[in-house]
Amino acid sequence: MTKTLFRAASLAALLMASATAVYAEATDTAVAPVQSFYDTLLASMKQGKQLGVKGRYEKLKPVIEQSFDLPGMTRLSIGPSWTSMSEADQKALTVALSRFTVASYASNFKSFDGEKFIVDPVSTVRGTDRIVTSKLVAGSDTVPFNYRMRQSGTNWKIIDIFLNGYVSQIAKQRSDFGATVQSGGAAALEKKLNALADGLLKE
């Protein structure tokens, strides 16, 4: 149990056949992407052993690309230096961070033992964004995950994830990526992200 929660905490995100998703039917359009992500994540984990890490990657990739604003998350994770990068570097970093994000879920969430994801069916307004609250219940332990949603065209997408309600994934990534960009530029960070993804995708 502790190991499962540690993995969840390390990703700042989010389980065998006994897993259960618990939520109310969503009418809030900002909530729907989070529920869709959980549904696919749970389905992937139920088939975890059969699919293998690469099969889980392929199953999760479409819903993560649909539910997460990966270009926006990349830009925010890089910070001020983003505007000085070439369009080609921005695109390469978006692809690399997207690959790393999907690989992280595929690698770290392989099997489950009765964990439940409970999603609040109503989001709260935060400026022009919305906050969707949810929690992972694993035995006697509960870990809150809050999602900051931002409108992209007519859809809401995840722009940040807050572990325990306040630890920002974007802030953590900006801190982690800053030194690499400063020392080696966009190419160094792209190489680092792809190497991390390659490691995660090994069985």
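These are my notebook entries on a predicted model of one protein chain.

**Ground rules.** Residues are numbered from 1 along each chain as its sequence is written, and side-chain values use heavy atoms, with hydrogens and water left out. Since I'm working with a prediction, I noted that local features need pLDDT of at least 70 and side-chain atom pairs count only at pLDDT 80 or more, while totals for chains, interfaces and linings use all residues.

**Entry 1: the overall layout.** I looked up the helices and strands, which are DSSP runs numbered from the N terminus (helices are H or I, at least four residues; strands are E, at least two). The chain has six helices and seven strands. Going along the sequence, I read α-β-α-α-α-α-β-β-β-β-β-β-α.

**Entry 2: the hairpins.** Next I checked strand pairing, which needs at least two DSSP bridges between two strands. β4 (residues 129–138) runs antiparallel to β5 (residues 141–152), with nine bridges. One bridge I looked up takes Thr-133 to Asn-146 in β5. Two residues sit between these strands in the hairpin, where Gly-139 has a positive phi near 65°.

β5 also pairs with β6 (residues 155–163), again antiparallel, through eight bridges. Here Arg-150 has Lys-157 in β6 as its bridge partner. This hairpin has two residues between its strands as well, and Gly-153 takes a positive phi near 70°.

**Entry 3: the core.** How much of the chain is buried (under 20% relative accessible area with a 1.4 Å probe, protein chains only; over 50% is exposed, and in between is partly exposed)? I found 48% of the 203 residues.

Then I went for the largest nonpolar core, meaning a set of buried Ala, Val, Leu, Ile, Met, Phe, Trp, Tyr and Cys residues joined through side-chain atoms within 4.5 Å. It holds 51 residues, and Phe-37, Ile-64, Phe-68 and Tyr-147 touch the most other members. I picked Phe-37 and listed its contacts (heavy atoms within 4.5 Å). Leaving out residues up to four places away in sequence, Phe-37 touches Val-63, Ile-64, Ser-67, Phe-68, Tyr-105 and Tyr-147.

**Entry 4: a cavity.** On a 1 Å grid over the protein atoms alone, a cavity is a set of points where a 1.4 Å probe fits but cannot get out, and lining residues have an atom within 4 Å of a point. The largest cavity has a volume (the space filled by probe spheres set on the points, which are joined across faces, edges and corners) of about 40 Å³.

Which residues line this cavity? They are Leu-70, Met-73, Thr-74, Leu-97, Thr-101, Gln-169 and Gln-173. Helices α4 (70–78), α5 (87–108) and α6 (169–200) each give at least two of them, and α4 has the largest share, with three residues.

Definitions and conventions: On a 1 Å grid over the protein atoms alone, a cavity is a set of points where a 1.4 Å probe fits but cannot get out, and a pocket is an open set with protein on both sides within 12 Å along at least five of seven lines; lining residues have an atom within 4 Å of a point.
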